[in-house]
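The exercises below are meant to be worked through with the sequence and the structure in view. Try each task before reading the solution that follows.

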Protein chains: 2
Amino acid sequence: MIRKHSRQRDSIKQLLMNRTDHPTADTIYTCVREEYPNISLGTVYRNLTLLTELGEISKISTGDGADHFDANTQRHHHFICTRCQAIHDLQMENIDSVMEVASRHCPGQIDTYRINFYGICEDCQTRETDDKRS
Amino acid sequence: MIRKHSRQRDSIKQLLMNRTDHPTADTIYTCVREEYPNISLGTVYRNLTLLTELGEISKISTGDGADHFDANTQRHHHFICTRCQAIHDLQMENIDSVMEVASRHCPGQIDTYRINFYGICEDCQTRETDDKRS
DNA sequence: ATTAATTATGATAATTATTATTGTTATTAA
DNA sequence: TTAATAACAATAATAATTATCATAATTAAT
């Protein structure tokens, strides 16, 4: 299955590399349309799936609506605000030891893992304080 | 918002408490229909959402298709087979230290976290070996 | 026990997120 | 330049979930 180059795919990947939030397919579609007004949402999905399979980007499922995408493929985890749904990258020390702990009672071979941390982000906390004040 | 009791909700929760796999709304619907043949899929979804909000059950999003549900509300994590999609509960030692590690660079207050471990389960590994043999 | 108030239900329509189909266009290698 | 084919845009289809609404079940007060 030889791949051909495509401007649309490049544009999608570039967009994703230039931002640290983690847009959904639909948001990416809206943005890429500024460069390619005729791009189809199907093309966005197709390429996001392809790039994910190739390991060039990764998919984040928060369990709340649409999937999000991330061009940072190094192992890292996410903090998800349960109020505004924003997803923040979490820079953190290596904790692969959790894999070993998990392995001890695991009915299978663990290849990888993902951690989602949930809470209220600083912006929402600030906003809350402001709201009370006014 | 006072709640009224409902037999259907009881049945859904009971079903979930009697099994350790983690059925989807649709599977739950099929099973509960044996007791309540006229129950509607909407009722299943409504009650699963309600029970989740009340903290009596929890929702598992694997990032692959439909959400799954779990009546075990104690903090635990999951091993997801990337071949057969089975979800296994992972009994494991307390690793809340990861929250502290994460907190150090986290732009907000962490309330909770979820870990999904991914890999091939023993059943699928065995099946693979058998397939090669035959 | 009867009634009144209201939540929950079943049936079904609507919505959201995503994938599949198809005829056309762009990319690549010869 | 052309031939082969991957990728495209447009759009239909599907899957998962939520919303609507008239009726039934539950609860609290008589």
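A polar contact is a pair of N or O atoms within 3.5 Å. The model used throughout these exercises is predicted.

**Exercise 1.** Find how the protein meets DNA strand D, beginning with the side chain of Arg9(A).

*Solution.* Start with Arg9(A), where an N or O atom of the side chain is 3.3 Å from a phosphate oxygen of DNA strand D, which means that the pair is within the 3.5 Å cut-off for a polar contact. Next take Ile39(A), which uses a backbone N or O atom, lying 3.4 Å from a phosphate oxygen of this strand. Lys4(B) reaches a base instead, with a polar side-chain atom 2.9 Å from a base oxygen of DNA strand D. Two or more residues are given to the surface near this strand by helix H1 (7-17) and H3 of chain A and by H3 of chain B.

Then widen the view to the 20 residues that surround DNA strand D, of which Lys4(A), Ser6(A), Thr43(A), Arg46(A) and Tyr45(B) are the closest. By class, this surface divides into five nonpolar, eight polar and seven charged residues. Of the strand's atoms within 4 Å of the protein, 79% belong to sugar or phosphate, while the rest belong to bases.

**Exercise 2.** Work out which parts of DNA strand C are met by Lys4(B), by Gln8(B) and by Asn38(B).

*Solution.* Take the three residues in turn. The side chain of Lys4(B) has an N or O atom 2.2 Å from a base oxygen of DNA strand C, whereas the side chain of Gln8(B) has one 3.1 Å from a sugar or linking oxygen. For Asn38(B), a backbone N or O atom lies 3.4 Å from a phosphate oxygen of the strand. Helix H3 (41-53) of chain A, together with helix H1 (7-17) and helix H3 (41-53) of chain B, are the elements that give two or more residues to this surface.

Now consider the surroundings as a whole: among the 20 residues around DNA strand C, those that come nearest are Arg7(A), Tyr45(A), Lys4(B), Ser6(B) and Arg46(B). Sugar and phosphate make up 80% of the strand's atoms that come within 4 Å of the protein.

**Exercise 3.** Decide where the buried residues of H1(B) lie around the helix axis, and what covers them.

*Solution.* First list the buried residues of H1(B), which are Arg9(B), Ser11(B), Ile12(B), Leu15(B) and Leu16(B). Looking down the axis, one finds these buried residues within an arc of 160°, and therefore they line one face of the helix. Their cover includes helix H2 (25-32), H3 and strand S2 (68-70), which belong to chain B.

**Exercise 4.** Describe the interface between chain A and chain B, and then place Phe117(B) in its surroundings.

*Solution.* Begin with the contacts, in which 34 residues of chain A meet 34 residues of chain B. About 2,900 Å² is buried between the two chains, and carbon and sulfur atoms give 63% of that area. On the side of chain A, Pro107(A), Phe117(A) and Tyr118(A) lose the most area to chain B, together 19% of what that side buries.

Turn last to Phe117(B), which sits in strand S5 (residues 108-121) of chain B. Its relative accessible area is 0%, so Phe117(B) is buried. Beyond its neighbours within four places in sequence, Phe117(B) is in contact with residues of chain A, including Val98(A), Met99(A) and Tyr113(A), and with residues of chain B, including His77(B), Phe79(B) and Leu90(B).

Conventions:
Residues are numbered from 1 along each chain as its sequence is written. Chains are lettered from A and ligands numbered from 1 in the order in which they are written. This is a predicted model: local features need pLDDT of at least 70, side-chain atom pairs count only at pLDDT 80 or more; totals for chains, interfaces and linings use all residues. Side-chain values use heavy atoms; hydrogens and water are left out. Helices (H or I, at least four residues) and strands (E, at least two) are DSSP runs, numbered from the N terminus. Buried means under 20% relative accessible area, exposed over 50%, partly exposed in between (1.4 Å probe, protein chains only). Contact means heavy atoms within 4.5 Å. A residue is near a molecule or strand if one of its heavy atoms lies within 4 Å of it. A polar contact is a pair of N or O atoms within 3.5 Å; within protein, one must be able to donate a hydrogen and the other to accept it, and residues adjacent in sequence count only if both atoms are side-chain atoms. Ala, Val, Leu, Ile, Met, Phe, Trp, Tyr, Cys and Pro count as nonpolar, Asp, Glu, Lys and Arg as charged, and the others, Gly among them, as polar. The arc is that of the directions from the helix axis to the C-beta atoms. Buried area is the accessible area (1.4 Å probe) that two parts lose on being put together, summed over both.
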